[in-house]
Amino acid sequence: MDFNLSERSERFRGEVREFLAEHVTDDLRDRVRETGTIHDWGLHRAMAEKGWIAAAWPEEYGGQGRDDFEMAAFYEEAVIAEAPLDGLLITMIIANTLRHVGTEEQKRELIPQMIGGDAICALGYSEPGSGSDVASVRTRAVRDGDEWVIDGEKVFTTLAHESQYVFLLTRTDTEVAKHKGLTMFLVPMDTPGIETRPIHTLGGERTNSTFYSGVRVDDRWRIGEVNGGWDVMGVALTFERTETGGTESARVLHEFVEWAREATDDQDRPRIEDPSLRETVARIAIRNEVARLMALKATWVAAAGGLPGVEGSMARLFYATRFQESCSEILDQMGPRGALQHGAEGAPVHGRLERAFRHSAVTTIYGGTSEIQRTIIARRGLELPSGR
Ligand SMILES: Cc1cc2nc3c(=O)[nH]c(=O)nc-3n(C[C@H](O)[C@H](O)[C@H](O)COP(=O)(O)OP(=O)(O)OC[C@H]3O[C@@H](n4cnc5c(N)ncnc54)[C@H](O)[C@@H]3O)c2cc1C
């Protein structure tokens, strides 16, 4: 196993870093923090012009044939620059899924819009009461000739308010085992009957509730077989990328150390000289390095042609839980002022570390909670029997 990123990936990293320095301005970052919308159309279109939306795809499909390590460098740089890439990441889950299970017509019509930067997508899986147990969704799709009529409610439909399409998991059969009665659709967001309402999360991200009342879609918007939605979702899940490999935590640690160099205690001694603070810094740096290596191991498995399901879950679980711990320790070190939010007088580092603390909790939830990751590791990795 070789953990050194290739020369090629380091060259690409340099190009990405330069591009982000130009396009991800302080104004853009401020706007993202204020709105909680982790997407920016200007940046997205500029990335499309560079050919980076589907950079990992082979050239004959409109990509640049970038390898897994180049893509790892790309995402690391994006996290360091705080580039708002949720739109790109979610859209590529769907474009990849279409490439594998879409009809020729769907590929021809939809993929160019997605990788050309003209359309982004939202994931419509979760519902109130169906998150971890997503196979229990109740949003109904009922066939009516060549059309389907959809009624129901989704929650946490992130970026639905910016998206052209929602990738919607629906129930089409109530008489069979729950995961056998599901069908997937890609529904244009301008179809009559769809309503979007904002949800502002603890971590600062904006997501949405979406409501579907008598939404009529042609059968050509169905992705995969009728009652084959679970399999389509399985394909989509293999393209979900939720792991940041400790890069975000490394950025937070850097900001904390910068603060500690400036701040003084009540006897005017620099906080950076405090042994307990230095111990915290060292502990977090070790966690970040382990998280990075675990993410690289998952990348290596993928590069070798494997499906890094268990390795991905291990990396994700370790990173998210340790990131939450690290942010909590940082806030403890900063004392009561550390809890002041952005905009409050005297908030250290413009409230950025306080915000990271709130955001860290959310990383243990989306894309599968820590408990669900543990279940995957136990069952698939350790082959333990089901506990229930
Ligand atoms: C910021 C944010 C963005 C999101 N974006 C999207 C999106 O774009 N599209 C989308 O469809 N969804 C999205 N989600 C939803 C996310 O996938 C769910 O929140 C997540 O899967 C957990 O589901 P839940 O919230 O219903 O919690 P529940 O499933 O109700 O879980 C509640 C608690 O019970 C535990 N639990 C549940 N089942 C088990 C089990 N079998 N064993 C052990 N413990 C268990 C969980 O770990 C958790 O601690 C987003 C969530 C957040 C917070």
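Begin by selecting the ligand together with S126, where a nitrogen atom of the ligand is 2.8 Å from an N or O atom in the side chain of S126, a polar contact in the sense of a pair of N or O atoms within 3.5 Å (within protein, one must be able to donate a hydrogen and the other to accept it, and residues adjacent in sequence count only if both atoms are side-chain atoms). What you have open is a predicted model, in which local features need pLDDT of at least 70 and side-chain atom pairs count only at pLDDT 80 or more, while totals for chains, interfaces and linings use all residues. Residues are numbered from 1 along each chain as its sequence is written, and side-chain values use heavy atoms, with hydrogens and water left out.

Next, add S132, whose side chain has an N or O atom 2.7 Å from an oxygen atom of the ligand, and then Y125, which places a polar backbone atom 3.0 Å from a ligand oxygen. The protein covers 67% of the 980 Å² of accessible area that the ligand has on its own, as given by the Shrake-Rupley method with a 1.4 Å probe; for residues, only the protein chains shown count as cover.

Now widen the selection to the 14 residues that surround the ligand, the closest being S126, S132, F156, T369 and E371; a residue belongs here if one of its heavy atoms lies within 4 Å of the ligand.

Colour the protein next by its domain assignment, which gives domain 1 (7-84), domain 2 (121-229) and domain 3 (247-381), with bounds from an automatic or database assignment. Because domain 2 and domain 3 both give residues to the shell around the ligand, the ligand lies between them.

Finally, turn to where these two domains meet: domain 2 and domain 3 bury about 510 Å² between them, 55% of it on carbon and sulfur atoms, where buried area is the accessible area (1.4 Å probe) that two parts lose on being put together, summed over both. On the domain 2 side, select L202, G203 and E205, which lose the most area to domain 3, together 70% of what that side buries.
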